[in-house]
Amino acid sequence: MAQILLVDDEEPVRGFLKRGLEMDGHAVTTAIDGADGLDRLQEAGGSFDLLLTDIRMPLMDGIQLALAAKR
């Protein structure tokens with residue numbers, strides 16, 4: 001079982017992926033955009049096993065989020 005941070009600005013996509021990952025036994029935390037994802041990542045102290053993110057999102061895109069998470 002993995003701790004997954006799922007970041008997507010489209011609720012139907014986010015919900016679909018979350019349900020599928022949870023059915024496979026993973027714990028999933030969701031965020032609505034890159035900035036929210038970075039907040040969730042910082043709140044958890046970076047304890048996620050996987051960051052699954054959309055590329056095109058408002059405020060902070062997925063690439064910017066990945067770079068910020070790496071730092």
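Helices and strands are runs assigned by DSSP and numbered from the N terminus, a helix having at least four residues and a strand at least two. With that convention in hand, the elements of this structure, which is a predicted model, can be followed by name.

Let us begin with helix α1, which covers residues 11-23. This helix has 13 residues, and at 1.5 Å a residue it should span 18 Å; the C-alpha atoms at its ends are 18 Å apart, so the expectation and the model agree. After α1 comes Gly25, whose phi is positive, near 100 degrees.

Helix α1 also takes part in a feature of the surface. Val13, Phe16, Leu17, Leu50 and Leu52 form a nonpolar patch there, and together they have about 400 Å² of accessible area. Which elements each supply at least two residues of this patch? They are α1 and β3. The most is given by α1, with 3 residues. One of the patch members, Leu50, lies in strand β3. Its relative accessibility is 41%, and Leu50 therefore counts as partly exposed, since that class lies between the limits of 20% for buried and 50% for exposed.

The charged side chains come next. How many salt bridges does the structure hold? It holds 3. One of them joins Lys18 to Glu22, with the closest N and O atoms 2.5 Å apart. These two residues belong to helix α1, and because they are 4 residues apart, about one helical turn separates them. The general geometry of a helix makes this arrangement understandable: an α-helix has 3.6 residues a turn, so residues three or four places apart point the same way. Both partners are partly exposed: Lys18 has a relative accessible area of 26%, and Glu22 has a relative accessibility of 34%.

Helix α2, residues 34-43, offers a further example. Here Asp36 forms a salt bridge with Arg40, the closest N and O atoms being 3.4 Å apart. The two residues are 4 residues apart in α2, about one turn of the helix. Arg40 also meets Glu43 in a salt bridge, with 3.6 Å from N to O. Arg40 and Glu43 are 3 residues apart in α2, which is again about one turn. Asp36, Arg40 and Glu43 are thus linked in a network of salt bridges.

Are the members of this network buried or exposed? Asp36 has 15% relative accessibility and so counts as buried. Arg40, at 28%, counts as partly exposed. Glu43 is exposed, because its relative accessible area is 61%.

Asp36 is not alone in being buried, for Gly34, Gly37, Leu38 and Leu41 of α2 are buried as well. Against what do the buried residues of α2 pack? They pack against strands β1 (3-7) and β2 (27-31) and against helix α3. The two ends of α2 also deserve attention. At its start, a side-chain oxygen of Asp33 reaches to within 3.1 Å of the backbone nitrogen of Ala35. Just after the helix, Gly45 takes a positive phi of about 65 degrees.

The path then continues to Asp49, in the loop between α2 and β3 (50-53). Asp49 has 55% relative accessibility and therefore counts as exposed. Which residues does Asp49 touch, apart from those up to four places away in sequence? They are Met1, Ala2 and Gln3. Asp49 and Ala2 are 47 residues apart in sequence, yet their C-alpha atoms are 5.8 Å apart in space. With Gln3 there is a polar contact: a polar atom of the Asp49 side chain lies 2.7 Å from the backbone nitrogen of Gln3.

The last stop is Leu59, in the loop between β3 and α3 (62-70). Leu59 has a positive phi of about 70 degrees, although it is not a glycine. With a relative accessible area of 73%, Leu59 is exposed.

Terms used
Residues numbered from 1 in each chain as written. Predicted model: local features only at pLDDT ≥ 70, side-chain atom pairs only at ≥ 80, totals over all residues. Heavy atoms only, no water. Buried < 20%, exposed > 50% of the residue type's maximum accessible area, 1.4 Å probe, protein only. Contact = heavy atoms within 4.5 Å. Polar contact = N/O pair within 3.5 Å; in protein donor to acceptor, adjacent residues only side chain to side chain. Expected span 1.5 Å × (residues − 1). Patch = residues over 30% accessible without salt bridge, like charges linked within 9 Å, V, L, I, M, F, W, Y side chains within 5 Å. Areas by Shrake-Rupley, 256 points an atom, 1.4 Å probe, with all protein chains shown as cover. Salt bridge = Lys/Arg side-chain N within 4 Å of Asp/Glu carboxyl O.
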